[in-house]
Amino acid sequence: MTCEERRDALFLFAAEELDAPERDELRAHLAEGCPRCLGALAESQAALARLALEVQPVEPPARVRKALAGRIALETRLAEVRAAPAGEARRDWRTLALAAGLAAIVAAGASALATRARVRAVERDAIERDTALNVIGSKYMRRVEVSGPALGFQGRGLLYWDYHSGGCYFRATEMQPPEAGKVYVLWFTDSDGAPLRAGVLTLGPNHEATLLTEMPRSIDMTGQVAVTLESNPAAIAPTAQPVLHGELSF
Amino acid sequence: MSERRDDLTLMELVARRDAGALDALYLRHSPLVFALCLRVLRNHAEAEEVLQEVFWELWRSSGRYAAERGSARVYLVQLARSRSLDRVRLRRRRETLLADAGGPAVVAAELGNDARGPSALSAALSGEEQRQVRAALCELSESERRAVTLSFFEGLSHAEIAAQLGEPLGTVKTRIRRALLRLRRVLVGVQDGGNA
């Protein structure tokens with residue numbers, strides 16, 4: 001079959017109207033990178049998309065634009081939080097190494113770095129607090145109690161979920177110090193039970209931990225939230241029974 | 001600057017994380033994207049969610065857009081149709097599961113939210129382009145138009161269309177193919193709006 005003869009088939013392929021044998025033949029040809037047929041496919045896809053122009057545009061409600069802007073602002077803030085160094089007690093090794101190395105050379109320079117790190121830590125805390133307040137104050141906020149007594153655990157948690165922006169703020173209190181070599185990890189699971197890691201919960205001196213995160217988009221109306229104790233802080237699936245558990249639902 | 005070139009600039013800015021550029025694209029194209037979502041989903045709340053998802057996906061994955069494969073508007077429309085049909089298929093699966101479980105089988109579609117209603121924004125769409133699309137659809141017989149509409153806008157499978165129209169599967173299949181190829185002859189070569 002010549003490329004010219006494939007034109008009709010490409011249009012039907014773009015419309016998902018080809019049967020398996022024809023579809024496979026065409027896929028194999030496209031995989032060879034034929035520029036003429038790839039161009040014709042793009043042309044067909046664009047032509048099919050133009051069918052949508054049959055509909056009359058409808059102005060969407062303003063809340064959609066607002067929610068989109070809120071989601072982008074949340075993402076930006078989370079990126080800022082992640083990019084900024086942790087607080088003084090949690091400063092990462094690179095900052096420490098850099099500060100220590102420079103201190104050996106220029107004490108004044110190290111002092112300036114430490115000051116800058118402290119300022120950034122304060123900024124980070126402020127952003128985190130501000131973002132958490134936005135989530136908690138949202139009219140789309142859902143509050144989920146996450147408890148442990150039934151699981152023989154004294155700690156408890158509250159998840160604040162802004163289901164419009166996807167922002168989540170989790171706060172655990174009265175948490176027992178984790179066993180040596182283990183950390184608390186927060187998880188979500190969707191309605192099919194697939195685990196989705198949210199992040200590590202680092203306990204403060206008052207036995208509390210907070211985490212600002214985003215609800216995975218695969219969680220629609222129902223799901224679960226859980227905390228487990230993990231040996232591997234980077235675990236991608238829980239390996240232990242939850243110590244805290246709650247149900248996400250509307 | 002033409003709309004397409006302007007869109008291209010905005011898409012480049014979105015790829016560089018310019019939220020203002022995304023907002024400009026939203027203001028320009030959301031009425032068409034929303035109308036398409038409504039047309040496919042026939043549910044206002046779901047259409048709002050998919051509209052937000054489409055622009056969120058554009059924000060998160062703007063690198064996937066390739067200008068040589070079509071305008072930003074065509075890209076958004078393709079995305080909106082695909083995501084809306086995903087929802088329709090998911091909804092059907094849920095309804096089937098509910099029916100199997102003996103629960104309410106069908107959730108009534110929201111009435112009064114039909115995207116085909118009059119809109120003050122209709123003038124914003126390129127009149128000539130819209131006329132050509134309508135002319136292309138008018139080339140089809142009523143039965144062809146109905147079958148293509150059920151397939152393209154409502155995401156029904158051939159078997160579902162055959163059941164809905166009370167016609168043999170083979171007839172429906174042939175009719176859709178014939179109709180699409182007739183549409184191709186009219187639509188391919190119709191320039192995308194704002195190319196000038």
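This passage describes the fold of chain A in a predicted model, its contact with chain B, and a few individual residues in both chains.

Chain A is a good place to start. Its secondary structure consists of six helices and eight strands, and the order along the chain is simple to follow: from the N terminus on, the elements run α-α-α-α-α-α-β-β-β-β-β-β-β-β. Of the 250 residues in this chain, 32% count as buried. Among contacts in chain A with a separation of 6 or more, 58% are accounted for by residues 24 or more positions apart.

The helical part opens with α1(A), residues 7-14, and α2(A), residues 20-31. In terms of burial, α1(A) is mostly covered, as six of its eight residues are buried. These buried residues are Ala9(A), Leu10(A), Phe11(A), Leu12(A), Phe13(A) and Ala14(A). Their cover comes from both chains: it includes α2 and α3 of chain A together with α8 of chain B. The picture for α2(A) is another one, for this helix is hardly covered and the count of buried residues among its 12 residues is zero. From its first C-alpha to its last, α2(A) reaches 16 Å, close to the 16 Å expected at 1.5 Å a residue.

Two packed helices are described by the angle between their axes and the distance between the axes. For α1(A) and α2(A), the angle is about 105 degrees and the axes lie 11 Å apart. Because angles of 65 to 115 degrees count as roughly perpendicular, α1(A) is described as roughly perpendicular to α2(A). On the side of α1(A), the contact is made by Ala9(A), Leu10(A) and Phe13(A), and α2(A) contributes Glu22(A), Arg23(A) and Leu26(A). Sorted by class, this contact has four nonpolar, no polar and two charged residues. Ala9(A), Leu10(A) and Phe13(A) of this contact also appear among the buried residues of α1(A).

The backbone around these helices has some details worth a look. Most residues other than glycine have a negative phi. Just after α1(A), however, Glu16(A) takes a positive phi of about 60 degrees. Glu16(A) sits in the loop between α1(A) and α2(A), and it counts as exposed because 12 other C-beta atoms lie within 10 Å. Further along, Gly33(A) comes just after α2(A) and has a positive phi of about 85 degrees. Chain B offers a related case in Arg17(B), where phi is near 65 degrees, again a positive value in a residue other than glycine. Arg17(B) is found in the loop between α1 (3-15) and α2 (19-41) of chain B, and with 14 C-beta neighbours inside 10 Å it counts as partly exposed.

Attention now turns to the strands of chain A. Strand β4(A), residues 183-190, has six of its eight residues buried, so it is largely enclosed by the rest of the structure. One of its partners is β7(A), residues 223-230, with which β4(A) pairs in the antiparallel sense over eight bridges. In this pairing, Val183(A) stands opposite Glu230(A). Another partner is β5(A), residues 195-201, which runs antiparallel to β4(A) and is joined to it by six bridges. Here Thr189(A) stands opposite Pro195(A). Together β4(A) and β5(A) form a hairpin with four residues between them, and in the turn Gly193(A) has a positive phi of about 90 degrees.

The two chains also meet. In total, 30 residues of chain A are in contact with 45 residues of chain B. On the side of chain A, the elements that give two or more residues are α1, α3 (35-50) and α4 (62-83). Of these, α3(A) provides the largest share, with eight residues. The residues on this side of chain A divide into 19 nonpolar, three polar and eight charged. As noted above, α8 of chain B is among the elements that cover the buried residues of α1(A).

That helix of chain B, α8 (residues 169-187), holds Lys173(B). With 17 C-beta neighbours inside 10 Å, Lys173(B) counts as partly exposed. Lys173(B) and His158(B) are 15 residues apart in sequence, and their C-alpha atoms are 6.3 Å apart in space.

Key: Residues numbered from 1 in each chain as written. Chains lettered and ligands numbered in written order. Predicted model: local features only at pLDDT ≥ 70, side-chain atom pairs only at ≥ 80, totals over all residues. Buried ≥ 20, exposed ≤ 12 C-beta atoms within 10 Å, placed from the backbone. Axes fitted to C-alpha atoms, helices over the stretch in contact; angles between N-to-C directions. Parallel < 35°, antiparallel > 145°, perpendicular 65-115°, else oblique. Contact = placed C-beta atoms within 7 Å. Nonpolar A, V, L, I, M, F, W, Y, C, P; charged D, E, K, R; others polar. Pairing = 2+ DSSP bridges. Expected span 1.5 Å × (residues − 1).
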